[in-house]
Each structure stands twice: as C-alpha cells, then as structure tokens.
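Me: Please pick one part of this model and take me through it closely. I'd like the cut-offs spelled out as you go, plus some sense of the whole chain around it.

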Amino acid sequence: MAIISRALISSLLIYLLIIQLVEADHQLVANARKKTSPLKKIDCGGACAARCRLSSRPHLCKRACGTCCARCNCVPPGTAGNQEMCPCYASLTTHGGKRKCP
C-alpha cells in the first residue's frame, strides 16, 4: 500500500511540474510574438536633458548621455555623480578608458 501511494504522489508531482514547464514555455512564446520587452523603455531625451542641464557643453553631454541611455535604458538621477544607481551606465568607457557617460 505504501509503495502504491508513493508512486501516486511521485506521478502527481511530475505531472504538475510538466504542466508548469509547458505554461512557462507558452508565456515565453507569447511574449516573443508580441516582441515586448520585460522592461519599459525610458524617455532618454527627457532624462538626458535633466542630467545635462547644468553642463558647460550641453549638446555633447546630451549626445553621450543619449548613447548610454539607449544601451542601458537607465540614466542616473541628478546632474552629476550617482552612477552607482545605473551599473551599466557607469561601466561604459571610451577607447581611452575614460567614462563615456556624463
């Protein structure tokens, strides 16, 4: 009797696991068809305008910030510093090894 009940419980658990995997696969396929990103895109223009508003070279700052924002989908708050808030943003560098993002 104990062997039968263990086999029944094991079969039930395997069945539930398979159902869960199939459902997860269906959700992935549905998201791929919709071509939706799990993250919302931020308004890079507005975020970079706020970030660069006090810059001595605002056009250069906005251009560099826009490139970084497009790659990272993140702009640190404030007009300077706070780069730890966006690790991707802080990690981008120029060919010379300087930080690319303002």
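Reply: Let's start with contacts, where a contact means heavy atoms within 4.5 Å. Counting contacts in the protein chain with a separation of 6 or more, 44% come from residues 24 or more positions apart.

Some ground rules before zooming in. This is a predicted model, where local features need pLDDT of at least 70 and side-chain atom pairs count only at pLDDT 80 or more, while totals for chains, interfaces and linings use all residues. Residues are numbered from 1 along each chain as its sequence is written, and side-chain values use heavy atoms, with hydrogens and water left out.

Now the backdrop. The protein chain has four helices and zero strands; these are DSSP runs numbered from the N terminus, with H or I and at least four residues for a helix, E and at least two for a strand. The C-alpha trace spans about 80 × 25 × 25 Å along its principal axes. Its radius of gyration is 24 Å, where a compact globule of 102 residues would come in near 13 Å (taken over C-alpha atoms, the globule rule being 2.2 Å times the number of residues to the power 0.38). Of those 102 residues, 18% count as buried, meaning under 20% relative accessible area, with exposed over 50% and partly exposed in between (1.4 Å probe, protein chains only).

The part I'd pick is the end of helix 3 and the loop that follows. Asn73 sits in that loop, which runs between helix 3 (58–72) and helix 4 (87–91). At 18% relative accessibility, Asn73 counts as buried, and a polar atom of its side chain lies 3.0 Å from the backbone nitrogen of Ile42.

Next door come the cysteines. The whole structure holds six disulfides, a disulfide being a pair of cysteine sulfur atoms within 2.5 Å. Counting bonded cysteines along the chain, the pattern reads 1-7, 2-5, 3-4, 6-12, 8-11, 9-10.

Take Cys72 first: a disulfide joins it to Cys88, S to S 2.1 Å. Cys72 is in helix 3 and Cys88 in helix 4, so this pair ties together parts 16 residues apart in sequence. The torsion about the S-S bond of Cys72 and Cys88 is about -70 degrees, so the disulfide is left-handed. Cys72 counts as buried at 14% relative accessibility, whereas Cys88, at 33%, counts as partly exposed.

On the other side of Asn73, Cys74 pairs with Cys86 at an S to S distance of 1.8 Å. Both Cys74 and Cys86 belong to the loop between helix 3 and helix 4, 12 residues apart. With -55 degrees about the S-S bond, that link is left-handed too. Cys74 counts as partly exposed at 21% relative accessibility, but Cys86 counts as buried at 4%.

Going back along helix 3, there's Cys69, which a disulfide joins to Cys44 (S to S 2.0 Å). Cys44 lies in helix 2 (residues 44–51) and Cys69 in helix 3, so the pair ties together parts that are 25 residues apart in sequence. A torsion of about -80 degrees about the S-S bond of Cys44 and Cys69 means this disulfide is left-handed. At 1% relative accessibility, Cys69 counts as buried.

Definitions and conventions: Polar contact = N/O pair within 3.5 Å; in protein donor to acceptor, adjacent residues only side chain to side chain.
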